[in-house]
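Student: Got a minute to walk through this one with me? I'd like to start with the strands and wander from there.
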Amino acid sequence: MRMLVGLIPPDDGEVLFKGKSIRKWKSALFEHVGCLIDTPSYYPNLSAYENLAYIQKMVGKPLKEIDRVLHVTGIFKARDKKVKHFSLGMKQRLGLAMALLNDPEVLILDEPTNGLDPEGIHEIRYLLIDLCRQEGKTVFVSSHNLAEMEMMADHIALIDKGRLIYEGALGTLLMTEQYVLRVRQGEKAEQLLEADPQAARLLLAEARETSAKALHELRDLVRGIHPPVLADRGLVDAVRALALDSPLSVEVEAAYSGRLPLPIESAAYFAVSELLSNATKHAEARRVTVALHHSGDRLRITVTDDGRGGADLNEGTGLRGIARRLATFDGTLSLSSPQGGPTTATMEVPCELSSPKISSS
Ligand SMILES: Nc1ncnc2c1ncn2[C@@H]1O[C@H](COP(=O)(O)OP(=O)(O)OP(=O)(O)O)[C@@H](O)[C@H]1O
Ligand SMILES: [Mg+2]
C-alpha cells in the first residue's frame, strides 16, 4: 500500500496511475487519490474540524469541504471535540475523513477497520460500499481479515509472504474447484525447447513445482475462509455448529444425509450464518428454526425466526449478497417477513446429493 502512494520505492517494477508512472506524477496523484495508511498523526489539542482545516489550508482548498467529510464519516457531532479525547474508532474515522477531503476518485486504505468495535466495522464497511456504488469511487483496501473482505470487495488479490497468489473476482475463487495458474517461464521454456532442451526441461520442472506449491497455498487459504467443520463434516454439522454459537435458541432440522458440492455447501453455510446474525441483530427474536431438506435434486433451506419481521432485501448488503451468491448456482432466496413477524427466508438451490462416504478408519 505504501508503494502504491509513493511512500516507499518499489524494489522492482513500477506503479502506474492512469497510465503514468507515479514517480513522475506525485503531486498530481494526490489530487486524485486519498489515502489512509497506518494510524495518521493528528494534533491532539486541536479539534477534528481544526485538524482538517489545517490540511485544507495547506493544500489551498475550501474549508466548506470539512463538514461534508465529517458527515460522511459519521463524526460530525464530534466536530469541535479535541482529538486527544477521541476513541481509536473515532480517530480511524477522522483518518478516513482526511482521505476523503476534496473528493478523490480513488481511495487507498490500509486496514481501515483496525481498532474499531463491531458496530464501527459495520459502519465503515457500509461507508466504503456506498462510496463505491453511489459515488463511483474506486476503493483499495488491505486487510488480514478475509471474512471482512468477502463482505466488502468484489475484486481481490491475495498476497502470501510477498507473493501474489490470486487475483480476480472473489466469487470465482470461492466457487471454482479448478484454478488456472499462469506460468511465467512458459514462453521462455518454449523458445528454449529446440535450442537447449535440457534447460527447457529444467525450467518446466521448476514451473511445475512453483505452481503446485501456489495451488496448495491457495487451497489452504480457501479452506481458511471455509470453516474446517464444513469441509470435513458437511453442511448439516456446520450449521449445527453455527446454532451452538448463536446467542439465540436455534433448532436445526435436517432431512437428508450425504454431501453436496462444496461450493454449494459453502454458499448455503454463509447464507445461514448471515440469516442467524440478522435474527440476532435485527429481529429481537428468541427462537430460530433452520430446516434443511433435499429432494428432487434441490436443496431447500428455511430459516424462521419468531422476531418482529420487516426484513428488507434492499436495506443492506447481507440479504442481497445471499441472493447474488445463490444465483450463481441458479438458486434463489425468497423472504416472507411481515411487520410483527415472523420472518422466514427460504433458499432453494438445484444440486445433486452424493451418498455419504464410508471411511475405513
Ligand atoms: N430476521 C430479521 N428480522 C427483522 N428485520 C430484519 C431481519 N433480517 C434483516 N432485517 C432487516 O432487513 C435489513 C436488511 O438486512 P441485510 O442482512 O441485507 O443487511 P444488514 O444486516 O443491515 O447489514 P449487513 O450488510 O451487515 O448484513 C436489515 O437492515 C434489517 O432492517
Ligand atoms: Mg445482515
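Student: How do β11 and β12 pair, parallel or antiparallel?
Tutor: Antiparallel, over 5 bridges. Keep in mind that this is a predicted model. One spot to click on is S336, which stands opposite T344 in β12.

Student: What do β11 and β12 form, and how many residues sit between them?
Tutor: A hairpin, with 6 residues between the two strands. In the turn, G340 has a positive phi of about 95°.

Student: Which peptide bond is cis?
Tutor: The one that joins G341 and P342, with omega at about -10°. P342 belongs to the loop between β11 (332–336) and β12. Most peptide bonds are trans, as a general rule.

Student: Back to β12 then. Which of its side chains are buried?
Tutor: T343, A345, M347 and V349, and they point to one face. T344, T346, E348 and P350 point to the other face and are not buried. That's the general habit of a regular strand, where side chains alternate between the two faces of the sheet.

Student: How many bridges join β10 to β12?
Tutor: 8, and the two strands run antiparallel. If you want a pair to look at, I301 in β10 has M347 in β12 as its bridge partner.

Student: New topic: the core. How many residues does the largest nonpolar one have?
Tutor: It has 34 residues, and those with the most contacts inside it are L235, V239, A268, A271 and V272. Helices α11 (235–245), α12 (262–281) and α13 (318–327) each supply at least two residues, and so do strands β9 (287–295), β10 (298–305) and β12 (343–350).

Student: Which element gives the most to that core?
Tutor: α12, with 10 residues. A general point fits here: in soluble globular proteins, nonpolar side chains tend to be buried together.

Student: What is A268 in contact with, leaving aside its neighbours within four places in sequence?
Tutor: L235, L299, I301, M347 and V349. You've met some of those: M347 and V349 are on the buried face of β12.

Student: What does the second, separate core include?
Tutor: That one has 26 residues, including V5, V69, L100 and I124.

Student: Staying in helix α11 for a sec, is V236 buried or exposed?
Tutor: V236, which sits in helix α11, counts as buried because it has 20 C-beta neighbours inside 10 Å, and 20 is where the buried class begins. Setting aside neighbours within four places in sequence, V236 is in contact with A254 and L292. V236 and A254 are 18 residues apart along the chain, and their C-alpha atoms are separated by 6.7 Å.

Student: And where is F86?
Tutor: In the loop between α3 (64–72) and α4. F86 counts as partly exposed because it has 19 C-beta neighbours inside 10 Å, and a buried residue needs 20 or more. Not counting residues up to four places away in sequence, F86 touches A78, K91 and L94.

Student: OK, what surrounds ligand 1, and which residues are closest?
Tutor: There are 21 residues around ligand 1, the closest being N278, A283, E315, G316 and G318. α12 and α13 are the elements that give two or more residues to this shell, and α12 gives the most, with 4.

Student: How do the shell residues divide into nonpolar, polar and charged?
Tutor: 4 are nonpolar, 10 are polar and 7 are charged.

Student: Now β4 and β5: which way do they run, parallel or antiparallel?
Tutor: Parallel, with 5 bridges joining β4 (residues 106–110) to β5 (residues 138–142). L107 has V139 in β5 as its bridge partner. From β4 the chain crosses through helix α5 (residues 118–133) to β5, making a right-handed β-α-β crossover.

Student: Last oddity: what is the phi of D103, which is not a glycine?
Tutor: Positive, about 55°. D103 lies in the loop between α4 (88–100) and β4. K18 also has a positive phi, about 50°, although K18 is not a glycine. K18 is placed in the loop between β1 (16–17) and β2 (20–21). In general, most residues other than glycine have a negative phi.

Terms used: Residues are numbered from 1 along each chain as its sequence is written. Chains are lettered from A and ligands numbered from 1 in the order in which they are written. This is a predicted model: local features need pLDDT of at least 70, side-chain atom pairs count only at pLDDT 80 or more; totals for chains, interfaces and linings use all residues. A nonpolar core is a set of buried Ala, Val, Leu, Ile, Met, Phe, Trp, Tyr and Cys residues joined through C-beta atoms within 7 Å. A residue is buried if 20 or more other C-beta atoms lie within 10 Å of its own, exposed if 12 or fewer, and partly exposed in between; C-beta atoms are placed from the backbone. Two residues are in contact if their C-beta atoms, placed from the backbone, lie within 7 Å. A residue is near a molecule or strand if its C-beta atom, placed from the backbone, lies within 6 Å of it. Ala, Val, Leu, Ile, Met, Phe, Trp, Tyr, Cys and Pro count as nonpolar, Asp, Glu, Lys and Arg as charged, and the others, Gly among them, as polar. Two strands pair if DSSP finds at least two bridges between them. A crossover is right-handed if, with the strands pointing away from the viewer, the path from the first strand over the helix to the second runs clockwise.
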